[in-house]
Amino acid sequence: MAIGRSGSSSSGSSAAKAAVKKALGEMGFNSSGGAINWFPGHMAAATRAIRDRLKVSDLVIEVRDSRIPLSSVNADLQPHLSKKRRVIALNKKDLANPNVMHKWTHYFDSRNQDCLPINAHSKSSVKKLLDLVEVKLKEVISREPTLLVMVVGIPNVGKSALINSIHRIASSRFPVQEKIKRATVGPLPGVTQDIAGFKIAHHPSIYVLDTPGVLVPSIPDIETGLKLALAGSVKDSVVGEERIAQYLLAVLNTRGTPLHWKHSNNRRMEGIRYEPEEKHDYNLKDLRPKMKPPNVSDVLYIEDMVTEVQRALYFSLSGLDGDVENENDLECLIEQQFEALQKALRIPHKASEARIMVSKKFLTLFRTSKLGPFILDDVPAVNTAS
């Protein structure tokens with residue numbers, strides 16, 4: 001079931017922003033300081049090193065998260081990237097709403113930016129990306145017999161998964177991998193250093209550098225920071241699972257997403273097979289319970305848990321005596337939904353950390369696409385005059 005829409009106000013509801021801001025307080029959402037220290041200092045040094053490598057790279061694959069195509073960028077490096085041959089790889093396309101994804105590809109096309117939605121774990125998907133890379137490089141007559149491709153992106157967009165897939169494809173094409181016969185400029189004048197990479201093509205020889213460039217995300221405001229946290233590019237511990245879950249609920253409610261679940265999942269929304277009361281594991285990595293009703297598979301257990309979550313959010317939103325665009329009404333609704341989610345997720349009422357447990361499980365369902373594919377960023381209006 002696909003969720004999300006591309007309207008200019010879907011994730012940018014003023015009520016959602018106000019409710020989240022009130023819950024979070026005036027937090028510093030900048031990597032350089034403020035109330036939250038978003039990223040370790042060595043990442044800034046890594047960005048400087050990336051600039052040096054960009055100088056000798058013939059093409060850059062900029063990996064972004066399909067769910068946040070604009071929020072998952074490094075604004076400081078964009079001027080440098082825009083001067084290079086570049087392909088924007090929108091990874092994790094399997095988690096993104098396909099009904100909105102095509103609008104994003106149209107947006108990038110309108111800006112003359114090569115863009116391709118991919119799944120870094122899919123061999124066929126990565127091959128399509130490499131085919132596009134080869135076409136872009138062979139369009140240009142290079143003075144170098146060897147061409148270098150660099151992969152960059154912010155944390156947790158799938159750079160390593162992409163490079164691993166490229167390595168497997170490269171090994172199948174060229175079982176005996178040759179060393180790159182090209183010295184690259186080092187950090188000191190007059191000093192060169194070799195860079196390891198995988199050969200993906202011949203005539204000309206094209207190599208993909210085997211070390212991804214990790215960029216610091218640009219966090220100009222609270223909402224961008226929360227999108228990054230929700231997508232996993234910022235550690236949960238930096239912001240807090242409860243705050244991230246509050247933001248997710250604000251987005252779902254202001255978009256009216258739970259109301260769409262009723263229409264697309266009507267049969268399962270009508271009733272649940274069982275009502276287990278046993279305690280269960282709430283580890284982020286595993287939604288399976290320690291105990292479950294007999295003869296019920298793990299798949300069915302999680303499926304029914306998802307349905308109960310959807311029902312809880314549907315009934316709370318549809319029964320709201322107020323307006324989600326009103327800050328106070330939305331805040332009260334979210335509080336009610338936390339209680340409803342605690343029951344739907346079968347978390348003991350007396351648990352001292354019930355809200356954290358609810359938040360962790362709820363975020364896991366979203367991040368594993370159990371609540372449906374989603375795109376958090378809104379598609380900017382295309383300026384035809386530009």
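# Notebook: strands, a helix and a pocket

I started in the middle of the sheet: Val-149 of E4 has Val-208 in E8 as its bridge partner. Before going on, I noted that this is a predicted model, where local features need pLDDT of at least 70, side-chain atom pairs count only at pLDDT 80 or more, and totals for chains, interfaces and linings use all residues. Residues are numbered from 1 along each chain as its sequence is written, and side-chain values use heavy atoms, with hydrogens and water left out.

**Entry 1: strand E4 and its partners**

My labels are DSSP runs numbered from the N terminus: helices (H or I) have at least four residues and strands (E) at least two. I count two strands as paired if DSSP finds at least two bridges between them.

E4 covers residues 146-153. I found it parallel to E8 (residues 205-209), with four bridges between them. Strand E1 (residues 59-65) is also parallel to E4, again through four bridges; there, Ile-61 is matched with Val-151. I then looked up E9 (residues 213-214), which runs parallel to E4 over two bridges. In that pairing Gly-153 sits opposite Val-214.

How many of E4's residues are buried? I got eight of eight, where buried means under 20% relative accessible area, exposed means over 50% and partly exposed is in between (1.4 Å probe, protein chains only). Thr-146, Leu-148, Met-150 and Val-152 point one way, Leu-147, Val-149, Val-151 and Gly-153 point the other way, and all are buried.

**Entry 2: just before E1**

I stepped back to Ser-57, which is in the loop between helix H2 (42-56) and E1. Ser-57 counts as buried because its relative accessibility is 3%. A polar atom of its side chain is 2.9 Å from the backbone oxygen of Arg-53. That is within the cut-off for a polar contact: a pair of N or O atoms within 3.5 Å, where within protein one must be able to donate a hydrogen and the other to accept it, and residues adjacent in sequence count only if both atoms are side-chain atoms.

**Entry 3: E2, E3 and two odd phi angles**

E2 and E3 pair in parallel with four bridges, and Val-87 has Asp-114 of E3 as its bridge partner. Which residues of E3 are buried and which are not? Cys-115 and Pro-117 point to one face and are buried, while Asp-114 and Leu-116 point to the other and are not.

Next I checked two loops. Lys-92 is in the one between strand E2 (85-91) and helix H4 (98-110). It has a positive phi of about 65 degrees although it is not a glycine. Lys-92 has 16% relative accessibility, so I filed it as buried. Asn-112, in the loop between H4 and strand E3 (114-117), also isn't a glycine and has a positive phi, near 55 degrees. Asn-112 has a relative accessible area of 74%, so it went down as exposed.

**Entry 4: cysteines**

I looked for disulfides (pairs of cysteine sulfur atoms within 2.5 Å) and the count was zero. Cys-115 is buried at 13% relative accessible area, and Cys-332 is partly exposed at 46%.

**Entry 5: helix H7 and what follows**

H7 spans residues 222-231, and 10 of its 10 residues are buried. Among them are Glu-223 and Lys-227. What caps the N-terminal end of H7? Asp-221 does, with a side-chain oxygen 3.2 Å from the backbone nitrogen of Glu-223.

Just after the helix, Gly-232 has a positive phi of about 95 degrees. Val-234 follows in the loop between H7 and helix H8 (236-239). It counts as buried because its relative accessibility is 2%. I also noted that Val-234 and Pro-155 are 79 residues apart along the chain, yet their C-alpha atoms are separated by 7.6 Å.

**Entry 6: a pocket**

Last, I looked at the second largest pocket, with a volume of about 360 Å³. On a 1 Å grid over the protein atoms alone, a pocket is an open set of points where a 1.4 Å probe fits, with protein on both sides within 12 Å along at least five of seven lines; lining residues have an atom within 4 Å of a point. The volume is the space filled by probe spheres set on the points, which are joined across faces, edges and corners.

The lining has 16 residues, and Arg-67, Lys-92, Asn-156, Ala-231 and Arg-367 lie nearest the centre. I sorted the lining into four nonpolar, eight polar and four charged. Here Ala, Val, Leu, Ile, Met, Phe, Trp, Tyr, Cys and Pro are nonpolar, Asp, Glu, Lys and Arg are charged, and the others, Gly among them, are polar.
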